[in-house]
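Student: I'd like to learn how to read a protein structure from its side chains. Can you walk me through one?
Tutor: Sure, let's open it up and go feature by feature.

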Amino acid sequence: MNIKRLVKKEVSRLRAYNAKEIPCRIKLDANESPYDFRPALTVAKDISTNRYPDPDAAKLKRLLAGHLGVKEENILQGNGSDELIYYLIATFGGPVLYPVPTFSMYGIIARALGERTVEVPLDAEFDLDADKTLQAIRKEKPKLIFLSSPNNPTGNCFSSGKILKIVEKAAGIVVVDEAYQPFSSEKGFLPLLKDCNNLVIMRTLSKIGLAALRVGFMVAGAEIVAEVNKVRLPFNVNSLSQSIAVAALKDKKRLRNAVKTIMSERDRLFEGMQKIEGVRPFPSEANFILFAVKSPDKVYGALLQKGILVRNINDAVRGCLRVTVGTPEENSAFLKTLAGIIRNAR
Ligand code: PMP
């Protein structure tokens, strides 16, 4: 049988997401935290492997609701926030609008589900282009708008005034993806939820040391949560992840210290990169830094040859690479190696 002919047109046109492991000594490519939560793993021994997980993730939701000051009915759990992007698009459909460059999964998932995408370029400061976005909203009437703030891969927060205007003018749902909010000096959009019934906030535990668990969640009005919950697979967050996440989230001191260290290391990394002639880092409110160099492909390859893996963003942001903040030792090694590579290239 010709399998290719059986595949839906929109799927057959796709290419699989390239998340392959590249061997390296220092891994600074995936915006993970360099600090893990090994002590939380001890709860794994209490799990009954023969039973399905709690389909409602009740304990986890109760804890998150308490931390965020919202009700449990305002939270929906995902197998990573990636899954919630999938569920949101499955629930509301397209067109799906997002600025570019941004997190690639909005477009990938929209296309996988056969929905039309509308991409609006960011302005020269990597901020939202409010005029163009509002124009596109009027013309295309997107059912969903995804705004990653802080934005991946640029690292900045979008102007909150512009986000608010978009929420106000949109005829559909606006998702503010706050995956990097813990590292930001800005307040975020949770306080606005009660006034905007078309607003969804997305968060994840992946960037604060728990990427292995695949736990993300969205916060929204109860009506939105109930609708999206209809497309959620019943046991989407497994028992191990639920228990370990609860144990880790209770360890507030460890969480806070890790985030604090990452933020101060980010600022040290930024200053260090600024001092290297031929390297232009962009200010970041996240746990990574976008930076421009003259020959990004060569610098990427030379870093990897020295065992340091960063992300090559040259396709999405011309001339740029993205480095995740690592431990102090990793960051120092990165700075030293980068300076050496640039010096040798002259
Ligand atoms: N949103 C943004 C902006 C991201 O950068 C990422 C991870 N790269 C995600 C969502 C997905 O995170 P998760 O691990 O929760 O699926």
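Student: Let's start with K132. How accessible is K132, and what does it count as?
Tutor: First, keep in mind that this is a predicted model. K132 has a relative accessibility of 45%, so it counts as partly exposed, since that label sits between the buried cut-off of under 20% and the exposed one of over 50%.

Student: Which side chain does K132 meet in a salt bridge?
Tutor: Here's the general idea: side chains of opposite charge can pair when their charged atoms come close. In this case K132 pairs with D129, at 3.4 Å from N to O. D129 is buried, with a relative accessible area of 18%.

Student: How many salt bridges are there by this rule?
Tutor: The count comes to 14. One of them joins D267 and R266, at 3.3 Å from N to O. D267 is partly exposed at 37% relative accessibility, while R266 counts as buried at 7%.

Student: Is K45, which forms a salt bridge with D46, buried or exposed?
Tutor: K45 is exposed, with a relative accessible area of 66%. Its partner D46 counts as exposed too, at 57%. The closest N and O atoms of this pair are 3.8 Å apart.

Student: Which residues are linked in a network of salt bridges?
Tutor: That would be K27, D29 and E32.

Student: What about charges on the surface: which residues gather in a patch of positive charge?
Tutor: Look for K252, K253, R256 and K260. K253 is found in helix α10, which covers residues 252-274. K253 is also exposed, with a relative accessible area of 58%.

Student: And which residues make the nonpolar surface patch?
Tutor: M1, I3, L6, V7 and V11 make it, and the patch covers about 540 Å². Take I3 from that group: I3 lies in helix α1, residues 3-6, and is exposed at a relative accessible area of 54%.

Student: Last topic, cysteines. How many disulfides does the structure hold?
Tutor: Zero. To call a pair a disulfide, you'd want the two sulfur atoms within 2.5 Å.

Student: Why is there no bond between C157 and C196?
Tutor: Because the sulfur of C157 is 17 Å from the one in C196, its closest cysteine sulfur, and that is too far for a bond. Both residues are tucked away by the accessibility cut-off: C157 is buried at 14%, and C196 counts as buried at 13%.

Technical notes. Residues numbered from 1 in each chain as written. Predicted model: local features only at pLDDT ≥ 70, side-chain atom pairs only at ≥ 80, totals over all residues. Heavy atoms only, no water. Patch = residues over 30% accessible without salt bridge, like charges linked within 9 Å, V, L, I, M, F, W, Y side chains within 5 Å. Areas by Shrake-Rupley, 256 points an atom, 1.4 Å probe, with all protein chains shown as cover. Salt bridge = Lys/Arg side-chain N within 4 Å of Asp/Glu carboxyl O. Lys, Arg positive; Asp, Glu negative; His and termini not counted. Charge placed at Lys NZ, Arg CZ, Asp CG, Glu CD. Helix = DSSP H or I, 4+ residues; strand = E, 2+ residues; numbered from the N terminus. Buried < 20%, exposed > 50% of the residue type's maximum accessible area, 1.4 Å probe, protein only.
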